[in-house]
Amino acid sequence: MKARVFVTLKPSVFDPQGQTIADALHSMGYAGVGDVRQGKYFELELASASADQARALAAEVADKLLANPVIESYRVEIV
Amino acid sequence: MSTKFSIIVFPGSNCDHDAYHAVKHVLGQDAEFVWHKETTLKGADVVILPGGFSHGDYLRTGAIARFSPVMTAVSDFARSGGPVLGICNGFQILCEAGLLPGAMLRNRDLKFHCEHVHIRVEQTATVFTCRASKGQVLRIPIAHGEGNYYAQPDVVSELETSGRVIFRYCDPDGQITDAANPNGALNSIAGICSPQRNVVGLMPHPERACEAALGSADGLVLFESVLSALSSQGAVASVAHNG
């Protein structure tokens, strides 16, 4: 079973990389692009019997290592 | 009797030898490297987590190093009141390990800053600043891409009210200005301490500013402070023992 984990900075945390990307897009003429937030994407291969177990395991490793709860939040998808 | 400094070496540490040189050759103390796979601190009186790029800064700075076997011993040492100094990447590791609050974001201008900066000593009630004076301005180098200190507003407020912001970026006259803040750190925070005040983390490199030949000897005061604090603690312990 596979999990996808998306880690992003919390909305309250300034994202200088996202801001720089947004500025670049605006200077390229993409006026229709608003705010940009940069994040991280992980694919995990999991030896779990069920989607619920896989979700719990992915959330555990995200809590412990993949995301820093001080500045980041995450979302898990099971595929 | 000399004081024993244990300098933790992670894969990718690159200021471990700078710290060793400052402690051993400039201060004449006992210094030993401790590989991150070790489970003891080899009789440390003081622990230094040096600067560098542990595990290549993969994932987040310090995120993987905090799970090294030696960190259990470092945490135990810190919780029992032992002096721990985290410099640059060492500060980032202490934050990831939860021994200090907060986290580092990318520098606000996305640039790696390698330059001398000025920092102001905000508090002298720590083992690493007890020989400094409040308001003293130190000229010390920085070298980091992720030193933009961040914590939730309630955490920053608690740090401020409990006097745990130890160093702030300032101009040469000691004024706190936005222009003198190299990375965008909240409240110009350059260094903080733990609630017990024995764990100190800072982004600047005092170990690279211990000799006039290196452009500044202002960093010495941190090491002299801990030596002074330990010798007076030893005197108190010895009096207590004799009494």
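Biologist: Which residue follows H1(A), and what is the sign of its phi?

Modeller: In this predicted model, H1(A) is followed by Gly29(A), whose phi is positive, near 100 degrees. A counterpart is found in chain B, where Gly28(B), just after H1(B), takes a positive phi of about 70 degrees.

Biologist: How do you know that the span of H1(A) is close to what is expected for a helix with its number of residues?

Modeller: The expected span is 1.5 Å times one less than the number of residues. Helix H1 of chain A, residues 16-27, has 12 residues and an expected span of 16 Å, and its first and last C-alpha atoms are 16 Å apart, so the two values are close.

Biologist: Why is Lys2(A) called partly exposed?

Modeller: A residue counts as exposed with 12 or fewer other C-beta atoms within 10 Å and as buried with 20 or more; Lys2(A) has 13, so it falls in between and is partly exposed. Lys2(A) lies in strand S1 of chain A, residues 2-9, and, leaving aside residues up to four places away in sequence, touches Glu43(A), Leu44(A), Glu45(A), Leu46(A) and Val79(A). Its C-alpha atom is also 8.5 Å from that of Glu77(A), although 75 residues separate the two along the chain.

Biologist: What makes chain A more spread out than a compact globule?

Modeller: Chain A has 2 helices and 3 strands, arranged from the N terminus as β-α-β-α-β. For its 79 residues the globule rule gives 12 Å, whereas the radius of gyration is 16 Å, well over that value, so the chain is more spread out than a compact globule. Along the principal axes, its C-alpha atoms fill a box of roughly 50 × 25 × 15 Å, and buried residues make up 11% of the chain.

Biologist: How do you know that strand S9(B) is paired with S6(B) and with S10(B)?

Modeller: Two strands pair if DSSP finds at least two bridges between them. S6(B), residues 113-121, is joined to S9(B) by 4 bridges, and S9(B) is joined to S10(B), residues 189-193, by 3, so both pairs meet the cut-off. Each of these pairs runs antiparallel. In S9(B), Phe167(B) is the bridge partner of Val121(B), while Arg168(B) stands opposite Ile189(B) in S10(B).

Biologist: What makes S9(B) mostly covered?

Modeller: Strand S9(B), residues 165-170, has 6 buried residues out of 6, and a buried residue has 20 or more other C-beta atoms within 10 Å, so the strand is called mostly covered. In helix H1(B), residues 16-26, the buried residues are Asp16(B), Asp18(B), Ala19(B), Ala22(B) and Val23(B).

Key: Residues numbered from 1 in each chain as written. Chains lettered and ligands numbered in written order. Predicted model: local features only at pLDDT ≥ 70, side-chain atom pairs only at ≥ 80, totals over all residues. Contact = placed C-beta atoms within 7 Å. Rg over C-alpha atoms; globule rule 2.2 N^0.38 Å.
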